Amino acid sequence: MIGGGIGAFIGKTHRVAARISNQFELVGGAFDADYEAGKQFAIQEGIPLERTYATVDDLIETEIKLPENERMNVVAIVTPNFLHFEMAKKLLQNNFHIICEKPVTTSSKEAIELQNIIEDKKLIFALAHAYTGYPMVRQMRGMILAGEIGELQRIDGQYYQGWINPVIHNKKLLSKTWRLNPKISGISCCMGDIGVHAFNLIEYTTGAQVTKVLSDLNNLLPDVKLDVDGTVLLRFEGNYKGVISSSQIASGEENNIVITVYGSKGGLRWEQENPNFLTMLIEGEPRRILKPGNAYNSELAEISYTFPSGHPEGLYDAFGNLYKGVAKAIKEESFNQAEFPTIIDGVRGMKFIESVIQSNAEGNIWIDL
């Protein structure tokens, strides 16, 4: 693991997910820019200090000297955005498989460069759009692709949070929050951090690709350098449209993700804060609630759910499903595009972020994705 040391929420999430998957062992890494803090973390986790490194370069130099059956073969990158590209590039060039936090890079050009290396070396690269790991998101995908709600007619995605609201009204907090620093976060905060999740869920569940975007973004305050709120209109290849609403200043909201897909026969709605429920909407009929752990679900939904029906699972389990898919691919047991997002999703995500920023900057016009 690169990054994810003491106090890092996302690092802990990846570690728990890896353990839940029952396929991985964390054997070392470069856990902190401060080497002493990294070693302290390793001691807490029971990780050997001889495999706790100061830098990615040190990790690569030492690990590639080990016998193939002993060296690390997968590296999780859980650092801030601006570090992803250089770290991933070096690791891929030295034949390490990767699980990377999103967004994959800070530009589509960088993402495409990684894609070329991955395809040339035939390595596994997973992107941590973990919401695709929820069983009922996978069930939703299966039902839509099977035509159970008919021809697509409208797609709505939202992701609302409120955590940045107090930050932007406190100059001290504002100066210390890396997600609002363009040098670290990249060209976008709200859309780059959470709007891209809604975008990914839309393309994952429907199998459709967004072709054009028109955005209206808001930094809210003059000294806030990146977007913290916005709306994006979507166009697809078919005769239907959609919208993404995303905000980090929606006061009181936590992780309010909702995706609703409407078809000619009915609709499906999934909410991240109630992840075990998939709602089916049919005109003139009562709403139906589908739950995991039942025979009416798809095979992919059911292998993504480990408890008997009625026992709730959550974000750790969804992350764990991504790790399970990566393990299968590395072992060459199977490679299922639906089991974990790949570099292709990373490239699509960066093109979405760049197009949204361009649309807003040029006066809220339609931009080809």
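Helices α5 and α13 are roughly antiparallel to each other, because angles over 145 degrees count as roughly antiparallel, and α5 (residues 108–121) packs against α13 (residues 343–361) at an angle of about 170°, with the two axes 9 Å apart. Here an axis is a line fitted to C-alpha atoms, for helices over the stretch in contact, and angles run from 0 to 180 degrees between N-to-C directions. Helices (H or I, at least four residues) and strands (E, at least two) are DSSP runs, numbered from the N terminus. On the α5 side the meeting residues are S108, A111, I112, L114, Q115 and I118, and on the α13 side they are I343, I344, G346, V347, M350, K351 and E354, where contact means heavy atoms within 4.5 Å. The residues of this contact divide into 8 nonpolar, 3 polar and 2 charged, with Ala, Val, Leu, Ile, Met, Phe, Trp, Tyr, Cys and Pro counted as nonpolar, Asp, Glu, Lys and Arg as charged, and the others, Gly among them, as polar.

The model is predicted, so local features need pLDDT of at least 70 and side-chain atom pairs count only at pLDDT 80 or more, while totals for chains, interfaces and linings use all residues. Residues are numbered from 1 along each chain as its sequence is written, and side-chain values use heavy atoms, with hydrogens and water left out.

The next region to follow is the one around strand β6. Strand β5 (residues 210–218) runs antiparallel to β6 and is joined to it by 8 bridges, two strands being paired if DSSP finds at least two bridges between them. Within this pairing, N218 stands opposite D229 of β6. Strand β6 (residues 229–236) is also joined by 7 bridges to strand β7 (residues 241–247), again in the antiparallel sense, and β6 and β7 form a hairpin with 4 residues between them. L233 has V243 as its bridge partner in β7. The side chains of β6 alternate, with G230, V232, L234 and F236 pointing to one face and buried, whereas D229, T231, L233 and R235 point to the other and are not; buried means under 20% relative accessible area, exposed over 50%, and partly exposed in between (1.4 Å probe, protein chains only).

V210 lies in strand β5, and V210 counts as buried because its relative accessibility is 2%. Leaving aside residues up to four places away in sequence, V210 touches F199, E203, L234, R235, F236, R348 and L369.

Further along the chain, strand β9 (residues 267–271) and β10 run antiparallel and are joined by 4 bridges, forming a hairpin with 6 residues between them. Strand β10 (residues 278–281) is covered on both faces, since L278 and M280 on one side and T279 and L281 on the other are all buried. G267 has L281 as its bridge partner in β10, while L278 is partnered with L290 in β11. Strand β11 (residues 288–290) pairs with β10 over 3 bridges in the antiparallel sense, and in the turn of the hairpin formed by β10 and β11, G284 has a positive phi of about 80°.

H97 lies in strand β2 (residues 97–100) and counts as buried because its relative accessibility is 15%. A polar atom of the H97 side chain lies 3.0 Å from the backbone nitrogen of I124.

Technical notes. Parallel < 35°, antiparallel > 145°, perpendicular 65-115°, else oblique. Polar contact = N/O pair within 3.5 Å; in protein donor to acceptor, adjacent residues only side chain to side chain.
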